[in-house]
Amino acid sequence: LRRIAMMTSGGDAPGMNAAIRSVVRMAIEKGCEAYCIYEGYEGLVQGGSFIRKFEWEQVRGYLSEGGTLIGTARCMAFYERPGRLTAAKNMVLNGIDALIICGGDGSLTGADKFRAEWPSLIKELVDTKQLTMEQVEPFKHLNIVGLVGSIDNDMSGTDATIGCFSALGRICELVDYIEATASSHSRAFVIEVMGRHCGWLALMAGVATGADFVFIPEKPRAENWREEMCSIHRKIGKRKTIVIVAEGAADQDGKSISPEMIKDLLADKNGLALDTRITTLGHVQRGGTACAYDRQLATLQGVEAVNAVLDATPETPTPFIAINENKITRKPLVQAVLDTKEVSKAIEARDFDRAMKLRDTEFSD
Ligand code: F6P
């Protein structure tokens, strides 16, 4: 009887609970036992009650819950080999040799490293007499499958990450609220949105709300952006100005563009002299329930993740489950993580064409 464990890691994202529900039920449907690891890698290192068997009805109601009901944490111990050794021991003791992880690229990279190290971890556990040969015999290989859960939509190789459309919807709703008060007072608002190094949320929110100006890391405004912005004029009847700035936005030279800088410009007495406020949307973008798209994406991807575990051979490179042109696909995890890192490097090097090309990269399965 195969035991498959599900874990959420990194920042929570709407839709993670739908992924948990889907993996648990699909695993049971396929005749396996389903486990959940609480608090991400921390739970794997702690073991004990952090690793729990799940039954079909335990995930009832998960679709409509925000965040992750099995918790997530940033675990320092897992960065070090002794932490991973304890994690491997806990998995063997619980009879688990397949792990499905829903998290961002950092969490998924950690998982692949764990898989690569697995044979040597198992050997060390036997050599140091923490486990016997008989105990480790059935656990020669570790299967890892990634589900990308992040509001940032920053992973190469997939069109959408679980959570990004919920966050985008929330941002648009909040910008609409701000527009009402902005219009009432004829004010300007500089709205900072999340996304870490990725401008997807800011750009899409700008398009969806008809913002006057958007700042994203991947495509800085032209050098004369200050003049360009100050030429926003208030035609008769226009009573509001909305500027959306991604938290990672920077200028051509890589200097960060802060909401305060933009506010100072808009409010400058010799320029537009707009009564300006800053709103940092913060974690309301990330919390709350998942939209229909994210629930559906997470459910379909959870099913595919269990199938990928059951299909895997020791030679199969670790897959992650993507969506490409509306089709659920399996992609090599390592390649996608490398591409994602290359995007950040290209942005740092101010090579924006390369960054955009890499974001759009299609690589063969
Ligand atoms: O990766 C998701 C994200 O919400 C980013 O958009 C943001 O930069 C970061 O996490 C915030 O992290 P924390 O919740 O630790 O403040």
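**View 1. Strand E5 at the wall of the largest cavity.** Strand E5 (residues 143–148) supplies three residues to the lining of the largest cavity, the largest share. The model shown in every view is predicted. The volume of this cavity is about 40 Å³. Under the rule used here, one cavity reaches 30 Å³ or more.

**View 2. The full lining of the largest cavity.** Asn143, Ile144 and Val145 line the largest cavity. Ala308, Ala312, Thr316, Pro317, Thr318 and Pro319 also belong to the lining, as does Arg115. Sorted by class, the lining holds six nonpolar, three polar and one charged residues.

**View 3. The largest pocket.** The largest pocket encloses about 960 Å³ of space. Its lining counts 37 residues, and those closest to the pocket centre are Gly104, Asp105, Gly106, Ser107 and Arg196. The class split of this lining is 10 nonpolar, 15 polar and 12 charged.

**View 4. Helices at the largest pocket.** Two helices to pick out here are H4 (105–127) and H11 (333–348). Each gives at least two residues to the lining of the largest pocket. Helix H4 contributes the most, with six residues.

**View 5. The ligand in its pocket.** The ligand occupies the largest pocket. Which residues are around the ligand? The shell consists of Arg74, Ile151, Asp152, Met194, Gly195, Arg196, Glu247, His283 and Arg286. By class, this shell has two nonpolar, two polar and five charged residues. Arg196 of the shell is also among the residues closest to the centre of the largest pocket.

**View 6. Ligand oxygen atoms and the side chains of Glu247 and His283.** How far is an oxygen atom of the ligand from an N or O atom in the side chain of glutamate 247? The distance is 2.4 Å. For histidine 283, a side-chain N or O atom lies 2.8 Å from an oxygen atom of the ligand. Both residues, Glu247 and His283, belong to the shell around the ligand.

**View 7. Backbone contact at Gly195 and burial of the ligand.** At glycine 195 the contact comes from the backbone. One of its backbone N or O atoms is 3.0 Å from an oxygen atom of the ligand. How much of the ligand does the protein bury? Taken alone, the ligand exposes 400 Å², and the protein buries 75% of that area.

Notes: Residues are numbered from 1 along each chain as its sequence is written. This is a predicted model: local features need pLDDT of at least 70, side-chain atom pairs count only at pLDDT 80 or more; totals for chains, interfaces and linings use all residues. Side-chain values use heavy atoms; hydrogens and water are left out. On a 1 Å grid over the protein atoms alone, a cavity is a set of points where a 1.4 Å probe fits but cannot get out, and a pocket is an open set with protein on both sides within 12 Å along at least five of seven lines; lining residues have an atom within 4 Å of a point. Grid points are joined across faces, edges and corners, and a volume is the space filled by probe spheres set on the points. Helices (H or I, at least four residues) and strands (E, at least two) are DSSP runs, numbered from the N terminus. Ala, Val, Leu, Ile, Met, Phe, Trp, Tyr, Cys and Pro count as nonpolar, Asp, Glu, Lys and Arg as charged, and the others, Gly among them, as polar. A residue is near a molecule or strand if one of its heavy atoms lies within 4 Å of it. A polar contact is a pair of N or O atoms within 3.5 Å; within protein, one must be able to donate a hydrogen and the other to accept it, and residues adjacent in sequence count only if both atoms are side-chain atoms. Accessible areas come from the Shrake-Rupley method with a 1.4 Å probe; for residues, only the protein chains shown count as cover. A molecule sits in a cavity or pocket if more than half of its atoms lie within 2 Å of its grid points.
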